[in-house]
Amino acid sequence: MGLFSWKENNSGGIVAPDERLPYGATVAMGIQHVIAMFGATVLAPILMGFDPNVAILMSGVGTLIFFLIVGGKVPSYLGSSFAFIGVVIAATAYAGKGPNSNLAVALGGIIACGAAIAVIGLIVQMIGVGWIEKFMPPVVTGAVVAVIGLNLAGIPIKNMAPTPFDAWMQAVTFVCVGLVAVYTKGLMQRLLILVGLILASIVYAILTNGMGLGKAIDLSGVANAAWFGAPNFVSPTFDANAMLLIVPVAIILIAENLGHVKAVSAMTGKNLDQYMGRAFIGDGVATMVSGAAGGTGVTTYAENIGVMAATKIYSTLIFVVAGLIAILLGFSPKFGALIQAIPLAVMGGVSIVVFGLIAVAGAKIWVDNKVDFSNNTNLIVAAVTLVLGTGDYTLKFGGFTLGGIGTATFGAILLYAILRKR
C-alpha cells in the first residue's frame with residue numbers, strides 16, 4: 001500500500017494503520033481526536049504565554065510532518081508538550097498571564113531541542129534503540145517525568161490566584177475536573193480537563209457576572225474577533241543560556257516517543273520498532289518547524305492513544321484528517337479570543353490537576369515497569385532527582401545557568417551511569 005492508500009475496513013472490528021473507515025466515519029473520528037488533544041494542546045501554550053492559535057495550527061502541521069516521515073506507519077497526533085513549560089518559564093521569566101514578551105528566546109531553545117531529537121533519531125536509525133533503553137531505564141525516565149510536574153507546582157498556586165476568591169475558584173475547578181473524571185463515562189470522561197474547565201467557567205460566570213463576587217468574564221473580545229485570519233507568528237532568536245536550559249527536554253520527548261511506539265505496537269500486534277528512529281526524527285522536525293513559527297514544542301499524545309485503545313481504530317488517515325482540522329482552527333482569531341477569555345483562576349485550577357497528573361505519570365512509569373526500590377541504585381537516583389527538580393537546584397557554568405529540570409534530567413542520567421552495578 002502507498003503512503004496515501006488505505007484499504008477500506010467496515011467490519012466493525014480492529015482497523016489497522018494501513019486501513020480506513022468509510023470517509024464519513026473517518027472525518028468523525030478525526031474530529032474526536034481533535035477534541036481529545038484540544039484541552040492539553042491549548043492549555044500548554046497559555047501557561048507559557050504563547051499564542052494558542054499558533055500552537056493549534058502547528059500541532060496540525062506537526063502531525064502531518066510526523067505522518068510523512070514515518071511513512072504513514074505509526075498512528076499519532078502531535079500536540080503541545082508540557083515538558084517545555086518549566087524551562088520556557090525559567091528562560092523567559094514569564095509572569096504567568098498574557099503574552100510572553102520574551103517568547104523569541106524560548107523559540108530558539110525549542111528549535112535546538114527539536115534538532116537534538118532529530119539527531120538522536122538518525123543515530124537510532126543507524127544503530128538501533130538499545131542504547132537509549134540502557135542509559136534511560138524506567139527509574140530515570142519516571143523520575144524526570146515526575147520532576148516536571150513537581151517543579152511546576154508553585155506556578156498556579158503562587159501566580160494564578162491573586163485574590164482569595166480566585167483561590168477558592170481554583171479549588172472549585174479541580175473539584176469539577178475530579179467529578180468529571182470519576183462520575184462520567186466514555187468520551188466525556190476522556191475529555192475530563194476540557195469538560196471540567198467548561199463547568200468551572202460556568203460556575204465562575206454565575207458568581208462573577210451574575211453575583212458580582214469577582215472579576216467578570218469579558219466576552220467582548222470574542223464578539224469582535226474575526227472568524228478567519230492569520231495567527232501571531234513569531235520569529236525565534238538564539239540565546240545560548242535559553243538553549244542550554246531547554247535542550248534537555250529532548251530526553252523527555254525521546255522517552256515519550258519510545259513509549260508511544262511501544263504502546264501502539266502492543267495495541268496493534270505489529271512490531272513497529274523499525275520506525276522508532278523515524279518517529280524521533282518526525283517529532284524533532286515537527287518541533288523545529290513549530291518553534292520557527294512561534295509554536296510550542298510538540299510530542300506524541302497519550303490522550304489520542306486513549307482514543308485508539310477505546311475504539312480499536314488505528315488508521316493513520318484519521319490523523320491526517322485531525323491535522324487538517326487543527327490547521328483550520330489555527331486560522332480562526334475568534335477561537336483564540338475564546339481561549340483568552342477563560343478566567344485566570346479556572347486556568348490555575350486546571351493547571352493544578354495537569355501538573356499533578358504529570359507527576360503521577362512519572363510514578364506510574366515506576367509501577368508499570370516494576371522498578372525495584374530495594375535496589376539502592378534505583379533508590380538514590382529517584383530520591384536525588386526528585387529533590388533536585390522540586391527544589392529547583394541550579395548550577396552555573398560561567399554565563400550559563402542550568403535550572404531544576406535540567407539538573408534533575410542530567411543528574412538522573414549521570415547518577416544512574418555512575419551507580420549502576422555492572
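Me: How many disulfides does a search of the whole structure find?

Reply: The search returns zero disulfides. The structure is a predicted model, and every value discussed here is computed from it. Two cysteines may be read in this light. Cys113 has a relative accessible area of 0% and is therefore buried. Cys176 has a relative accessibility of 11%, so this residue also counts as buried.

Me: How should charged pairs be read, and how many salt bridges are there?

Reply: The general idea is that side chains of opposite charge can pair when their charged atoms come close. With a cut-off of 4 Å between nitrogen and carboxyl oxygen, the count here is two salt bridges. One of them joins the side chains of Glu8 and Arg20, with an N to O distance of 3.4 Å. Glu8 belongs to strand β1 (residues 7-8) and Arg20 to strand β2 (residues 19-20), so this pair ties together parts that lie twelve residues apart in sequence.

Me: Are Glu8 and Arg20 buried or exposed?

Reply: Glu8 is partly exposed, at a relative accessible area of 48%. Arg20, by contrast, has 10% relative accessibility and counts as buried.

Me: Where does the salt bridge of Lys364 and Asp368 lie?

Reply: An α-helix has 3.6 residues a turn, so residues three or four places apart point the same way. Lys364 and Asp368 both belong to helix α18 (residues 344-368) and are four residues apart, about one turn of the helix. Their side chains meet in a salt bridge with an N to O distance of 2.7 Å. Asp368 is partly exposed, its relative accessible area being 46%.

Me: What does Asp283 have around it, and which side chain makes a polar contact with Asp283?

Reply: Asp283 is located in helix α14 (residues 276-293). This residue is buried yet forms no salt bridge, and the nearest side chain of opposite charge, that of Arg278, is 15 Å away. The side chain of Asp283 instead has a polar contact of 2.5 Å with the side chain of Asn257. Leaving aside residues up to four places away in sequence, Asp283 touches Phe66, Leu78, Leu253, Asn257, Val298, Thr299 and Thr300.

Me: How may the length of helix α16 be checked, and what span should its 15 residues have?

Reply: The check compares an expected span with the distance between the end C-alpha atoms. At 1.5 Å a residue, the 15 residues of α16 (residues 316-330) should span 21 Å, and the end C-alpha atoms are 21 Å apart, which agrees. At the N-terminal end, Ser315 caps α16 through a side-chain oxygen that lies 3.3 Å from the backbone nitrogen of Leu317.

Me: How many residues of α16 are buried?

Reply: Eleven of the 15 are buried, so α16 is largely enclosed by the rest of the structure. Among the buried residues are Leu317, Ile318, Phe319, Val320 and Val321, as well as Gly323 and Gly330. Ile318 serves as an example: its relative accessible area is 1%. Not counting residues up to four places away in sequence, Ile318 touches Thr26, Met29, Gly30, His33 and Ile313.

Me: Which residues does Leu43 touch, and which does Ser201 touch?

Reply: Both contact lists omit residues up to four places away in sequence. Leu43, in helix α1 (residues 23-48), is buried at a relative accessible area of 3%. The residues that Leu43 touches are Phe82, Met347, Val350, Ser351 and Val354. Ser201 is part of helix α10 (residues 192-210) and counts as buried at 14% relative accessibility. The contacts of Ser201 are Ile217, Ile342, Pro343 and Val346.

Me: How should the phi of Lys370 be read?

Reply: As a general guide, most residues other than glycine have a negative phi. Lys370 has a phi near 50 degrees, a positive value in a residue other than glycine. Lys370 sits in the loop between α18 and α19 (376-390). With a relative accessible area of 71%, Lys370 is exposed.

Methods. Residues numbered from 1 in each chain as written. Predicted model: local features only at pLDDT ≥ 70, side-chain atom pairs only at ≥ 80, totals over all residues. Heavy atoms only, no water. Helix = DSSP H or I, 4+ residues; strand = E, 2+ residues; numbered from the N terminus. Buried < 20%, exposed > 50% of the residue type's maximum accessible area, 1.4 Å probe, protein only. Lys, Arg positive; Asp, Glu negative; His and termini not counted. Polar contact = N/O pair within 3.5 Å; in protein donor to acceptor, adjacent residues only side chain to side chain. Contact = heavy atoms within 4.5 Å. Expected span 1.5 Å × (residues − 1). Disulfide = S-S within 2.5 Å.
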